[in-house]
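Subject: The structure we talked about

Hi there,

Here is the structure I promised to send you. Please open it next to this email and follow along as you read.

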Amino acid sequence: MATRPYWETKSLRQMTGPEWESLCDGCGLCCLVRFEDEDSGEIIPTRVHCRLLDAGTCTCSNYVGRKKHVPDCIKLTPQNVDQLQWMPLSCAYRRINEGRGLADWHPLISGDPESVHRAGVSVRGETISEDELEDPEDAMAYVAYDLMEERGDD
C-alpha cells in the first residue's frame with residue numbers, strides 16, 4: 001500500500017520546516033504590491049512585484065534576509081494563513097488550509113518546477129519591479145483584480 005504524501009496527511013501546523021517550504025509553488029503572486037482601501041478594507045492587487053522578486057524564476061532573491069530589506073514583507077506561517085485573505089486562491093498554503101489539496105500543476109504533484117509557469121499560474125512575464133516606479137503610489141496604475149481569481153487548471 002502506497003504511503004500518502006505529507007500534504008495529505010498533516011495539517012500545516014504539523015509540517016516540518018522543509019515540508020512547509022516545499023509547499024511554495026513559486027508563482028510569485030504573494031510577492032506583489034497590494035494596497036488596502038482605508039475606508040472599505042478592500043485589498044487592491046497590482047502587477048508590481050517586490051524589489052526582491054526574481055521575475056524570471058518567481059522566487060525571492062534574498063529569502064533569508066528579506067525582512068531586513070523589505071520590512072513590511074509578511075512572512076506566511078501556519079498561524080497567520082487564516083487571516084491573510086489576500087493570498088491567491090491558487091496558493092498551496094491556502095488550498096491545503098481550506099482542505100482543497102494541491103492542484104495538478106503544483107510542482108510537488110507534477111515533479112516539475114516549471115509546471116506552475118506552463119499552467120499560467122505564475123506571474124512570470126506579467127509584472128514590473130517596484131524599483132521601476134518613481135513613487136510607490138504609482139503602483140496604482142497597475143491594478144490587477146484578475147490576480148485575485150483562481151489561476152491554472154484544477
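Below is what I found in it, beginning with the sheet and ending with the pocket.

One thing to keep in mind first: this is a predicted model.

**The sheet**

A good place to start is an open sheet of 3 strands, in the order E1-E2-E5 and with mixed pairing. E1 and strand E5 (128–129) stand at the edges, and each has a single partner strand, so one side of each is left without a neighbour in the sheet.

Now look at how E1 meets strand E2 (residues 43–49). These two run antiparallel and are joined by 4 bridges. You can pick out some of the partners by eye: Arg34 is matched with Pro45 in E2, Phe35 with Ile44, and Glu36 with Ile43. Together E1 and E2 make a hairpin, with 6 residues between the two strands. In the turn of that hairpin you will find Gly41, which has a positive phi of about 80°.

E2 also pairs with E5, this time in the parallel sense and over 2 bridges. His49, for instance, has Ser129 in E5 as its bridge partner.

How many of the 7 residues of E2 are buried? The count is 5, so E2 is largely enclosed by the rest of the structure.

While you have the strands on screen, here is a general point to remember. In a regular strand the side chains alternate between the two faces of the sheet.

**Around His117, Thr57 and Cys58**

Next, please find His117, which sits in helix H6 (residues 115–118). Is His117 buried or exposed? Its relative accessible area is 15%, and since buried means under 20%, His117 counts as buried. The side chain of His117 makes a polar contact of 2.7 Å with the side chain of Ser122. Leaving out neighbours within four places in sequence, His117 is in contact with Gly26, Thr57, Cys58, Ser122 and Arg124.

Two residues on that list are worth a visit of their own. Thr57 lies in the loop between strand E3 (53–54) and E4. With a relative accessibility of 38%, Thr57 counts as partly exposed. Its side chain makes a polar contact of 2.7 Å with the side chain of Thr59. Again setting aside neighbours within four places in sequence, Thr57 is in contact with Gly26, His117 and Arg124. You can also check a distance here: the C-alpha atoms of Thr57 and Gly28 are separated by 8.6 Å, although these residues are 29 residues apart along the chain.

Cys58 is in the loop between E3 and E4 as well. At 4% relative accessibility, Cys58 counts as buried. Its phi is near 60°, which is a positive value in a residue other than glycine.

**The largest pocket**

Last comes the empty space. Rolling a probe the size of a water molecule over the atoms shows where empty space is left. In this model, the largest pocket holds about 1200 Å³ of space.

Which residues lie nearest the centre of the largest pocket? They are Cys30, Cys31, Leu32, Cys73 and Ile74, out of 46 residues that line the pocket. The lining divides into 30 nonpolar, 3 polar and 13 charged residues.

Helix H2 (17–22), strand E1 (32–36), strand E4 (59–60) and helix H4 (92–97) each supply at least two residues of this lining. E1 gives the most, with 5 residues. So the edge strand of the sheet turns up again here, in the lining of the largest pocket.

Finally, take a look at Cys73, one of the residues nearest the pocket's centre. Cys73 is found in the loop between helix H3 (66–69) and H4. Not counting residues up to four places away in sequence, Cys73 touches Arg66 and Lys67. Cys73 and Val33 are 40 residues apart in sequence, and their C-alpha atoms are 9.9 Å apart in space.

Have fun exploring, and write back with any questions!

Best wishes

Terms used. Residues are numbered from 1 along each chain as its sequence is written. This is a predicted model: local features need pLDDT of at least 70, side-chain atom pairs count only at pLDDT 80 or more; totals for chains, interfaces and linings use all residues. Side-chain values use heavy atoms; hydrogens and water are left out. On a 1 Å grid over the protein atoms alone, a cavity is a set of points where a 1.4 Å probe fits but cannot get out, and a pocket is an open set with protein on both sides within 12 Å along at least five of seven lines; lining residues have an atom within 4 Å of a point. Grid points are joined across faces, edges and corners, and a volume is the space filled by probe spheres set on the points. Ala, Val, Leu, Ile, Met, Phe, Trp, Tyr, Cys and Pro count as nonpolar, Asp, Glu, Lys and Arg as charged, and the others, Gly among them, as polar. Two strands pair if DSSP finds at least two bridges between them. Buried means under 20% relative accessible area, exposed over 50%, partly exposed in between (1.4 Å probe, protein chains only). A polar contact is a pair of N or O atoms within 3.5 Å; within protein, one must be able to donate a hydrogen and the other to accept it, and residues adjacent in sequence count only if both atoms are side-chain atoms. Contact means heavy atoms within 4.5 Å.
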